[in-house]
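Subject: A structure to look through

Dear colleague,

I am passing on a structure that I would like you to look through at your own pace. Please open it beside this message, and read the notes below with it in view.

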Amino acid sequence: MMRNIHETIETIQRNCHIADANHAREMTMCNYLLGMREYFRWENEIPLTQQPPKQEIGEWLTQREALWDSLEQNDFQPVPVNNRRYDPFAIDAINHAIEDYGLVYGAGIGRFHQPHFFLGELIRKEERDGLTIYVTGCEYARDITSFPAAYQDGAIILRLDALKRVLWEKVEMWGLKQSEGALKSALDCYGFDSDPDHALTHMAEMESETVILHEVGEARAGRLLGPDWRDMLAGFNSKRTEVFARAIKDNLADCLSTLPALLDRQAKCSLHFYFAEFDGLRKSLFPALVEAYRVWRETGDEQALRNAVHSGEQHWLLAAQQLIEQYRQDPQGAEKNILAQIPANLAHTFCTL
């Protein structure tokens, strides 16, 4: 047992609060309230199937925002592990120090330059495609934005607890309207109509593989695009430009890894769920894939999907390389030029940023 495990957890959680203090309230109101609701449920260990008490959430939210106000100007603190203190972004060093204690640490800069921190229980570790994959369970510290997975510096962290929460949120949202479509097909495929608890466990197990496949695709795309891609994203100031570039790379990653693997495995439930989540700018930029899914869903013929994925791999690689070339030629003016390329008819896809 680590001698100062409680201090380690408290420091990481404090860094999470500092990150949230500076960025959480930049979210849209809808995303903010949904995020805070789930954050409250996690912090108070409320079962996913149990509705959080509204009055308590309101009181907690007021207290949390007051805490953020008091921390907004603070710097991130070094992370203590036994007798040493580490820079909070020294991921490899911290994980090397805590791995023998069955823990995994994550830190990095996400969308819109927002820092994220995380500490969880290590369930297993594996190697795939030249990458180290850490699968975590119980989470001891986290911020409001709970990503199911992330790729960074040759490693993928899959957060099963976060994934289950995201999946259950989708189930709850579908229950409000119960509309037809890809999500209903996925939920029916997993058996939510007969045994929701078992279905959620099975879904989390299967979709964890989809998440890993996407992150493997991100790594492959990163190797093809090189370090200039990361530098380009870091230099963007406009949210629209960043989301546009990330949508292109996400589509490339899924054409490189996620979709070919799901098709080869005949993963019907996961394919339905993939297209339930395929929305916003990524969907608007890739109508051929949407049409191919419709054909597969109505006829069972997967050839249209395979063709769309194959052509998409070449298309999105070229699109990403063109963005990088603009950045290389004019690092200062590239963002303005890229922003001008976003079709005007896609403006609605940015409304939930």
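The notes that follow deal with some of its helices, how they pack, and one pair of rings. Please keep in mind throughout that this is a predicted model.

A good place to begin is helix α7, which runs over residues 196-225 and so has 30 residues. From its first C-alpha to its last it reaches 41 Å, which is close to the 44 Å expected at 1.5 Å a residue. The residue that follows α7 is Gly226, and its phi is positive, near 80°.

Two packed helices are described by the angle between their axes and the distance between the axes, so those two values come up for each pair below.

Helix α7 packs against helix α9 (residues 239-264) at an angle of about 130°, and the two axes are 7 Å apart. Because angles over 145 degrees would count as roughly antiparallel and those from 65 to 115 as roughly perpendicular, α7 and α9 are oblique to each other. The crossing in which α7 passes α9 is right-handed. On the α7 side the residues that meet α9 include Leu213, Val216, Gly217 and Arg220, while those on the α9 side include Asp250, Leu252, Ala253 and Leu256. Sorted by class, this contact has ten nonpolar, six polar and five charged residues.

Helix α9 also packs against helix α13 (residues 303-329), where the axes come within 9 Å and cross at roughly 150°. These two helices are therefore roughly antiparallel to each other, and α9 passes α13 in a left-handed crossing. Among the residues that meet here are Phe244, Ile248, Leu252 and Leu256 in α9, together with Val309, Trp316, Leu317 and Leu323 in α13. The contact of α9 with α13 divides into 16 nonpolar, two polar and three charged residues.

A further partner of α13 is helix α8 (residues 227-235), whose axis comes within 10 Å of that of α13 and crosses it at roughly 70°. That angle makes α8 roughly perpendicular to α13, and the crossing is left-handed. From α8 the contact is made by Asp228, Trp229, Asp231 and Met232, and from α13 by Ala320, Leu323, Ile324, Tyr327 and Arg328. By class there are six nonpolar, no polar and three charged residues in the contact of α8 with α13.

Finally, the structure holds 14 aromatic pairs. In one of them, the rings of Phe275 and Tyr293 have their centres 4.3 Å apart and their planes at 15°, so this pair is stacked. Phe275 lies in helix α10 (residues 268-277) and Tyr293 in helix α12 (residues 287-299), 18 residues apart, and the pair thus links distant parts of the chain.

With best wishes

Terms used. Residues are numbered from 1 along each chain as its sequence is written. This is a predicted model: local features need pLDDT of at least 70, side-chain atom pairs count only at pLDDT 80 or more; totals for chains, interfaces and linings use all residues. Side-chain values use heavy atoms; hydrogens and water are left out. Helices (H or I, at least four residues) and strands (E, at least two) are DSSP runs, numbered from the N terminus. The expected span of a helix is 1.5 Å times one less than its number of residues. Axes are lines fitted to C-alpha atoms, for helices over the stretch in contact, and angles run from 0 to 180 degrees between N-to-C directions. Angles under 35 degrees count as roughly parallel, over 145 as roughly antiparallel, 65 to 115 as roughly perpendicular and the rest as oblique. A crossing is left-handed if the near helix is turned anticlockwise from the far one by less than a right angle, and right-handed if clockwise. Contact means heavy atoms within 4.5 Å. Ala, Val, Leu, Ile, Met, Phe, Trp, Tyr, Cys and Pro count as nonpolar, Asp, Glu, Lys and Arg as charged, and the others, Gly among them, as polar. Rings of Phe, Tyr and Trp (its six-membered ring) pair if their centres lie within 6.5 Å; planes under 30 degrees apart count as stacked, over 60 as edge-to-face and the rest as tilted.
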